[in-house]
Amino acid sequence: MLRPAPARRLPGLLLLLWPLLLLPPLAAPDPVARPGFRRLGTQGPEGSPGRRPSSVAPDRAPASGASEPGRVSGAGVCKSRPLDLVFLIDSSRSVRPLEFTKVKTFVSRIIDTLNIGPADTRVAVVNYASTVKIEFQLQAYTDKQSLKQAVGRITPLSTGTMSGLAIQTAMDEVFTVEAGARGPSSNIPKVAIIVTDGRPQDQVNEVAARAQASGIELYAVGVDRADMESLKMMASEPLEEHVFYVETYGVIEKLSSRFQETFCALDPCVLGTHQCQHVCISDGEGKHHCECSQGYTLNADKKTCSALDKCALNTHGCEHICVNDRSGSYHCECYEGYTLNEDRKTCSAQDKCALGTHGCQHICVNDRTGSYHCECYDGYTLNADKKTCSVRDKCALGSHDCQHICVSDGAASYHCDCYPGYTLNEDKKTCSAIEEARRLVSTEDVCGCEATLAFQEKVSSSLQRLNTKLDGILEKLQVNEYGQIHR
């Protein structure tokens, strides 16, 4: 049975620290142990952290898993009276990064054992080395989650161990009504827990005495190389209730876990009586609420869960189609004519021409929309079915280059011909006038020859004029035909 705490001390925090005071002494004399403080943990060979024998820990459950009557197996939610609690943590160079992380875990676990809120316990943290930094004030955070997140963001400062300056700063700038501390009329205890692994480089006895005289109760936790006399100078009386020592930072977490194991209200989440389908969250004072796993939402009964319609929330990132799965998740699909890319989100058009199912007689052309269209070879035109092709009449199109007459040969070919009185030249395109009359003229009849030449020139001239007019008419006809075909 626990001894009642003196009325002038803080019952709530003594409940947290009392398990350490009940630890029995080690079996063998300890050359490091000194009167006036409690010690947690031993060391194994070569200075490595050891394991305390189970025989000296009667408050733990037996190896078979059975527990003592009235005790709860596992962690619960401690119910403590409200505090204005300030942690003063040493972050000098002697505290290595991993060790400093252990200190932050220790602080966070103590926060877990308390009722946090504006009307309950308020927490502040002062970080110190050769300088002092107030990480956050008592009024900064009003819930455990944000409070522990703020603790996790704290980083070490520098060399030096100005413990006295840290206590003075807490007294002058943190335990004030302006900084969030509650006034004397509230009867809320003011508590400071200082954690250090070294010897203070300034005077702490006078500063600690002034802090205690102002109503601040000081607890000192020493680690490894901590100076025991300095711890006792800083801590409030009685020293056996306010001074603690752990040999390594790896053991300091056990200090906070003992608070949580021993003095916790019955927790439905731990007992398994919560009836939550997915997740049970303890709210303290034996209360709890249910939450759901990712991808699910809590039903109206506040206990069971249903899969979220992530597609309806429009947070899926699918380029085309979002499909809900029964597991509370989703997957992406693509429109017809598209295929899903490796990112399982975006889509690319399928190459239907490569699949050979297009039905085009000549040429298949893929479109960006995931479809395709048919085209024809040169000299052919696409039929009304948009699949097959027919031979084009190049003579009708006017693309033949014949000077006089174009004659279609079928199969997209043609040849040129000339008007009467003309002959096709070697280029197979142009025509020249026939000069038969010149060869019929007799060289013996000079007069007749001259008359014949004059007549031939007159005929040739007339034929050329007529040819020019016919060329103009033919060009107009060809242009007209071409326009009708392409309408």
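These are my notebook entries on a predicted model, from the chain as a whole down to one helix and one surface patch.

Entry 1, the whole chain. I began with the secondary structure and counted 13 helices and 23 strands in the chain. I then looked up burial, and found that buried residues make up 38% of the 487 residues. For the contacts with a separation of 6 or more, I noted that 56% are accounted for by residues 24 or more positions apart. The accessible surface comes to about 27400 Å², and carbon and sulfur atoms hold 52% of that area.

Entry 2, helix 5. I asked which residues of helix 5, residues 205–213, are buried, and the list I obtained was Val207, Ala208 and Ala211. Looking down the axis of helix 5, I saw that these buried residues fall within an arc of 95°, so they line one face of the helix. On the other side of helix 5 I found Glu206 and Ala213, which are exposed. I next followed the packing of the buried residues, which runs against helix 4 (163–174), strand 6 (216–223) and helix 6 (228–234). Just after helix 5, I recorded a positive phi of about 105° at Gly215.

Entry 3, a patch on the surface. I turned to the nonpolar patch formed by Phe455, Val459, Leu463, Leu466, Leu470, Ile473 and Leu477, which together have about 620 Å² of accessible area. I picked out Val459, one of these residues, and placed it in helix 13, residues 446–485. Is Val459 buried, exposed or partly exposed? Its relative accessibility is 31%, so I entered Val459 as partly exposed, given that buried means under 20% and exposed over 50%.

How values were computed. Residues numbered from 1 in each chain as written. Predicted model: local features only at pLDDT ≥ 70, side-chain atom pairs only at ≥ 80, totals over all residues. Heavy atoms only, no water. Helix = DSSP H or I, 4+ residues; strand = E, 2+ residues; numbered from the N terminus. Buried < 20%, exposed > 50% of the residue type's maximum accessible area, 1.4 Å probe, protein only. Contact = heavy atoms within 4.5 Å. Areas by Shrake-Rupley, 256 points an atom, 1.4 Å probe, with all protein chains shown as cover. Arc of directions from axis to C-beta. Patch = residues over 30% accessible without salt bridge, like charges linked within 9 Å, V, L, I, M, F, W, Y side chains within 5 Å. Salt bridge = Lys/Arg side-chain N within 4 Å of Asp/Glu carboxyl O.
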